[in-house]
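What follows is a walk through one structure, taken sheet by sheet and then site by site. Please keep the sequence and the coordinates open while reading.

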Amino acid sequence: MGRKSRRKIFENIAVIDAGAKGKSVAKAPDGKVIFLSNAVPGDVIDVQTTKQRTAYYEGEAIKFHTLSNKRTDSVCEHFGVCGGCKWQHMKYEEQLNYKESEVVNNLTRLGKVELPEVTTIAGSEKQYFYRNKMEFSFSDSRWLTREEIESNAEFDNRNALGFHIPGAWDKILDVNKCWLQQDPSNAIRNKTKEFATKNDIPFFNARNQNGLLRSLLIRTASTGEIMVLIQFFKNDVEKRTLLLEYLKTEFPEITSLQYVVNEKGNDTIYDQEVICYHGRDHIFEEMEGLKFKINAKSFYQTNSEQAYQLYKITRDFAGLTGEELVYDLYTGTGTIAQFVAKKAKKVVGVEAVPEAIEDAKANAANNNITNTVFYAGDMKNVFNAQFITENGVPDVIITDPPRDGMHKDVVQQILNIAPKKVVYVSCNSATQARDLALMDATYKVTKVQPVDMFPQTHHVENVVLLEKRK
Ligand SMILES: C[S@@+](CC[C@H](N)C(=O)[O-])C[C@H]1O[C@@H](n2cnc3c(N)ncnc32)[C@H](O)[C@@H]1O
């Protein structure tokens, strides 16, 4: 409905905003909004539409009349093709302004909640090389650039190791240097590709479902420890050993070298057995003297330094004195629970993934924390009246749900028990706004602090303190 394929050109259009999904925003002469992929607020451009919907267009700038003073030069050779860092062409302070306004707009317009003065967004000291985990995909049919196609050149070797081109599940951008993960991430990826290509170890072909090499996972922890995991499609011991031996020798700094043989159609490793080839089957992250054991499947916030800022804000908002019973909902591997445990009487963590709960218990024991308990299960089922009877009515609830926000039954249960304070950590302020609206009659938003975990992208984390109305 409302979908027409005819492309339109609009001239001399001012780009006025930046927003959801990293797109910038302009208005067409007919009044419809245009979402743009390659412009910055402040640019004046000619636009060609690429999609037309009833309420809006999608398009791209085809001519720049004025370049915005919010612009900066993108540093990465893959910018514009790779979907990873869509805001690299915008100055960092401008990125932060847009992230902060997105949070405020969502909470006030979608949630219609009354806000206190919003604390300035906590920017990231590191604007590049801040990720501790990256996953790269192998492909034997490298995506060709327009110039390559136009040059009609022959391409003998089309092996690629990098990222999926946005919107194209089987097209892989061959990455030469990624600016998101610290060394030796780039070296490991490039040497893996070079060695495998030289030694005829076949890269995966997603359409034909053949080849051997599927994906490469690299974790670089704040402790300096490194995990590398290669996912193979078939159990080819000879070729596998050849590649893993090479990596072991070429990168002796790897703490944990692992692999998976995954013969399924999809490449998720979460239902697969991970086998340790060399070193340990885990690495350690460290925060404020706490150690967290990370295995190949563990969730850990991907920007370690900013995770520390996020957790400190969360703990401050909770305002603990040492006497409180705290619930940490969506606890993952129990990182927030352990981070606040010293300042609480007891912390109860709940999380859906049983392996994460096993990690949480093991980490708490290793960290000599004795006042935490952890439960595995779907929040809307576990967090019920009986659970409260067994574990006690919390003084403070910390909740850090996934992007979809909290299930309405979980929100209702928080309202049923109505603790004095709720600290709501969110990676999606739109769903956070929806949940806050449901809680507005009982809770007042008294603190708001956005945190930037992902520079060069539009993603933003937000921490809100809710205090029970008198
Ligand atoms: C944003 S992460 C937060 C993790 C943790 N607080 C941290 O900082 O590392 C959200 C967590 O919610 C868990 N989760 C998702 N859906 C869930 C559900 N229905 N019930 C319980 N936990 C769930 C995920 O597995 C994930 O660990």
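Strands β13 (residues 283-287) and β14 are paired antiparallel through five bridges. One of the pairs is formed by Ile-283 and its bridge partner in β14, Ile-294. The two strands make a hairpin with two residues between them. Glu-288, in the turn, has a positive phi of about 50°. The model is a predicted one, and local features need a pLDDT of at least 70.

After β14 (290-294) the chain enters a loop that leads to α5 (304-318), and Gln-301 lies in this loop. UniProt, in an unreviewed entry, lists Gln-301 under "binding site", together with Tyr-330, Glu-351 and Asp-400. Is Gln-301 buried or exposed? Gln-301 is buried, because 22 other C-beta atoms lie within 10 Å, and the threshold for that class is 20 or more. Leaving aside neighbours within four places in sequence, Gln-301 is in contact with Ala-307 and Met-453.

Glu-351, from the same UniProt list, is placed in a strand, β16 (residues 346-351). Glu-351 is buried as well, with 27 other C-beta atoms within 10 Å. Apart from residues within four places in sequence, the contacts of Glu-351 are Tyr-330, Thr-331, Gly-332, Ala-356, Ile-357 and Ala-376. Tyr-330 is thus both a contact of Glu-351 and a listed "binding site" position in the unreviewed entry.

The model also holds a ligand, and 17 residues are around it. Which of them come nearest to the ligand? They are Tyr-330, Gly-332, Ala-352, Met-379 and Asp-400. Tyr-330 and Asp-400 also appear in the UniProt "binding site" list. By residue class, the shell around the ligand divides into ten nonpolar, four polar and three charged residues.

A further annotation concerns Cys-427, which UniProt lists for "active site" in an unreviewed entry. Where does Cys-427 sit? Cys-427 is found in the loop between β19 (421-426) and α11 (429-439). With 20 other C-beta atoms within 10 Å, Cys-427 is buried; the class begins at 20. Not counting residues up to four places away in sequence, Cys-427 touches Arg-403, His-459 and Glu-461. Glu-461 belongs to β21 (461-468), and the segment after this strand contains Lys-470.

Lys-470 gives a contrast in burial. Lys-470 counts as exposed because there are 4 C-beta neighbours inside 10 Å, and the exposed class covers 12 or fewer. The C-alpha atoms of Lys-470 and Thr-442 are separated by 8.7 Å, while the two residues are 28 residues apart along the chain.

Next come the sheets. Strands of a sheet pair through backbone hydrogen bonds, in a parallel or an antiparallel sense. An open sheet of seven strands follows the order β8-β7-β6-β9-β10-β11-β12, and its pairing is mixed. β8 (168-174) and β12 (275-279) stand at the edges; each has a single partner strand, so one side of each is left without a neighbour in the sheet. From one strand to the next, the twist averages 30°. Helix α3 (residues 185-198) packs on the sheet and touches β6 (133-139), β7 (160-165), β9 (213-220) and β10. The direction of α3 makes about 155° with that of β9.

Within this sheet, strand β10 (residues 226-232) and strand β11 (residues 256-261) run parallel and are joined by six bridges. Met-227 stands opposite Ser-256 in β11. Helix α4 (residues 237-250) lies across β10, β11 and β12, and runs at about 160° to β11.

Another set of strands closes on itself. Five strands form a barrel in the order β1-β2-β3-β5-β4, with mixed pairing. Neighbouring strands here are turned by 50° against each other on average, direction ignored. Strand β1 (residues 9-18) and strand β2 (residues 24-27) run antiparallel and are joined by three bridges. In this pair, Asp-17 has Val-25 of β2 as its bridge partner.

Ala-26 also lies in β2. Why is Ala-26 classed as buried? Ala-26 has 24 other C-beta atoms within 10 Å, and 20 or more are needed. Apart from neighbours within four places in sequence, Ala-26 is in contact with Ile-13, Ala-14, Val-15, Ile-16, Ile-34, Leu-36 and Val-47. Ala-26 and Ile-45, 19 residues apart in sequence, are 9.7 Å apart in space, C-alpha to C-alpha.

How values were computed. Residues numbered from 1 in each chain as written. Predicted model: local features only at pLDDT ≥ 70, side-chain atom pairs only at ≥ 80, totals over all residues. Near = placed C-beta within 6 Å. Nonpolar A, V, L, I, M, F, W, Y, C, P; charged D, E, K, R; others polar. Pairing = 2+ DSSP bridges. Helix = DSSP H or I, 4+ residues; strand = E, 2+ residues; numbered from the N terminus. Axes fitted to C-alpha atoms, helices over the stretch in contact; angles between N-to-C directions. UniProt positions renumbered as here; feature names shortened; annotations may be inferred. Contact = placed C-beta atoms within 7 Å.
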